[in-house]
Each structure stands twice: as structure tokens, then as C-alpha cells.
Amino acid sequence: MKTSFLLLISILALAGCTSAPLNAPPPASTSDSNSVLLLESPVAIPSKAQTVLKSQPGSKVKGLVHFTENNGVMKVEVMVEGLKPGPHGFHIHEIGDCSKPDYSSAGGHFNPTKNHHGSLNTKTRHAGDFGNLIANAKGKAVLTLEVSDLTLKPGATSILGKSVIVHRDQDDLKSQPAGNSGPRIACGVIEAL
């Protein structure tokens, strides 16, 4: 008798722990002060990025490109050395891949708006058209420019994960689709800092 009584109390105790049937929908949320609201932490959006330019073995071309975004304006600071003196086409390309020896793995110019090739001063251009770097007699080129059609934020005009290419020859700023600037001599992928 004692065993039956203890068994009955155990069953009732376990049944009392369940407040709703197993098939019942979850209770409606309440807005009382005991409720806790869990928010996802915001994703950090970088304001700076960098590209380390490298060239093929036997070439001395190397450099850095810094990107800083502030209030919708992208500042681009370029320092390249080992170039032949004179102008060299300088562009952002659509794919962040410098694995092929001729850098064709970087694809074409970054052109999310599907415009014609041009210069920074033309009404329409590829977003990746930056014109020319001018190397001095020692083969060094330094350039600072600002554009408002590129971003480091996620979206169609984001340059993160794209590549920067320096060409052997001058970009004529008009030939389609790429300015007739010759072979690609340096490449680097744009990465957030």
C-alpha cells in the first residue's frame, strides 16, 4: 500500500511540472517587465581598406593603395614604385583574384552601373575607372583622389573583395571597354582594415 501511494505521488508530482500539453503552441509573448528582448549585435562596417600591389617574379613593381570612406566620399591614396616613367592605367577590377600570371583572373573593370569607360572627369564612367598614375623619372607614382560612387559598405558599389590593377601603358580614357592601357603589371585585392 505504501509503495502504491508513493508511486501515485510521484506521478502527480511529474504531471504538475508540465504546464501545457506537449502539442500546445508556445505561449504568446508578453510585454511585462520580466521579459528579455535579445537583439543581434550590429555588424561593424569598415571605414578603411587597403590593397597591397604585387607583380610577377622579375618585375620590381609594388605598392599600396589606401581607401578611407567618410560621409559618402571615398579617399584613395596610392603609392607605387618600380614603374617605367610616364602614365599607367589604374583601375579597380570586378574580381578579387590575382592568381593568373597575366592577372586576367581579376576580370574587367568594376562597372556596377554598366557605363562606358571614361575618366574621373567624364559624365559617365566605370566606377573603377581612376585614370592614370604618373610615374616620375625614378619610377615612383603617388596619387590622391576622391570619388563618391564607391563604398566599403555591403552593396552593389562596394569595393571590398575587388582588385586594383596597374597597367603597363597609358589609359587613353576613351577606348572601349578598357582604355587600351595594355597588359596588367601589378595586382592586389582590396581588404578591410
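What follows is a walk through the strands, sheets, salt bridges and surface of this predicted model. Local features are given only where pLDDT is at least 70 and side-chain atom pairs only at pLDDT 80 or more, while totals for chains, interfaces and linings use all residues. Residues are numbered from 1 along each chain as its sequence is written, and side-chain values use heavy atoms, with hydrogens and water left out.

The protein chain has 1 helix and 9 strands; helices (H or I, at least four residues) and strands (E, at least two) are DSSP runs, numbered from the N terminus. Read from start to end, the pattern is α-β-β-β-β-β-β-β-β-β. Of the 193 residues, 33% count as buried. Here buried means under 20% relative accessible area and exposed over 50%, with partly exposed in between (1.4 Å probe, protein chains only).

Now to the sheets. One open sheet takes 5 strands in the order β6-β3-β2-β1-β9, with antiparallel pairing. Its edge strands are β6 and β9 (191-192), each of which pairs on one side only. Two strands are taken to pair if DSSP finds at least two bridges between them. In general, strands of a sheet pair through backbone hydrogen bonds, either parallel or antiparallel. β2 and β3 run antiparallel and are joined by 9 bridges, with F67 standing opposite V76 in β3. These two strands form a hairpin with 2 residues between them, and N71 in the turn has a positive phi of about 50°. On the way to the β6 edge, 7 bridges join β3 to β6, again antiparallel, and M74 stands opposite V147 in β6. Towards the other edge, β1 and β9 pair in the antiparallel sense over 2 bridges, where A49 stands opposite A192 in β9.

Strand β3 has two faces. M74, V76, V78 and V80 point to one face and are buried, whereas V73, K75, E77, M79 and E81 point to the other and are not.

The other open sheet is made of 4 strands in the order β5-β4-β7-β8, and its pairing is antiparallel. β5 and β8 (184-189) are the edge strands, pairing on one side only. From one strand to the next, the twist averages 25°. β7 (residues 163-167) and β8 run antiparallel and are joined by 5 bridges, and S163 has V189 in β8 as its bridge partner.

On to the charged side chains. A salt bridge is a side-chain nitrogen of Lys or Arg within 4 Å of a carboxyl oxygen of Asp or Glu, and by this rule the count comes to 4 salt bridges. In general, side chains of opposite charge can pair when their charged atoms come close. One of the salt bridges is between K62 and E81, at 3.7 Å from N to O. This pair links distant parts of the chain, with K62 in strand β2 (residues 62-70) and E81 in strand β3 (residues 73-81), 19 residues apart. K62 has a relative accessibility of 47%, so K62 counts as partly exposed; E81 is partly exposed too, with a relative accessible area of 32%.

Another salt bridge brings together E69 and K153, at 3.5 Å from N to O. E69 lies in strand β2 and K153 in the loop between β6 (141-147) and β7, so the pair ties together parts that are 84 residues apart in sequence. E69 counts as buried because its relative accessibility is 13%, whereas K153 is partly exposed at 39%. E77 also forms a salt bridge, with K75, and here the closest N and O atoms are 4.0 Å apart. E77 counts as partly exposed at 28% relative accessibility, and K75 does at 33%.

The surface has a nonpolar patch of about 340 Å², made by V52, L64, M79 and V142. Patches are made of residues with over 30% relative accessible area and no salt bridge, like charges being joined within 9 Å and nonpolar side chains (Val, Leu, Ile, Met, Phe, Trp, Tyr) within 5 Å; the areas come from the Shrake-Rupley method with a 1.4 Å probe, and for residues only the protein chains shown count as cover. V52 lies in strand β1 (residues 48-53) and counts as partly exposed because its relative accessibility is 39%.

Last comes a loop residue. N111 lies in the loop between β4 (86-93) and β5 (129-135), and at 17% relative accessibility N111 counts as buried.

Definitions and conventions: Axes are lines fitted to C-alpha atoms, for helices over the stretch in contact, and angles run from 0 to 180 degrees between N-to-C directions.
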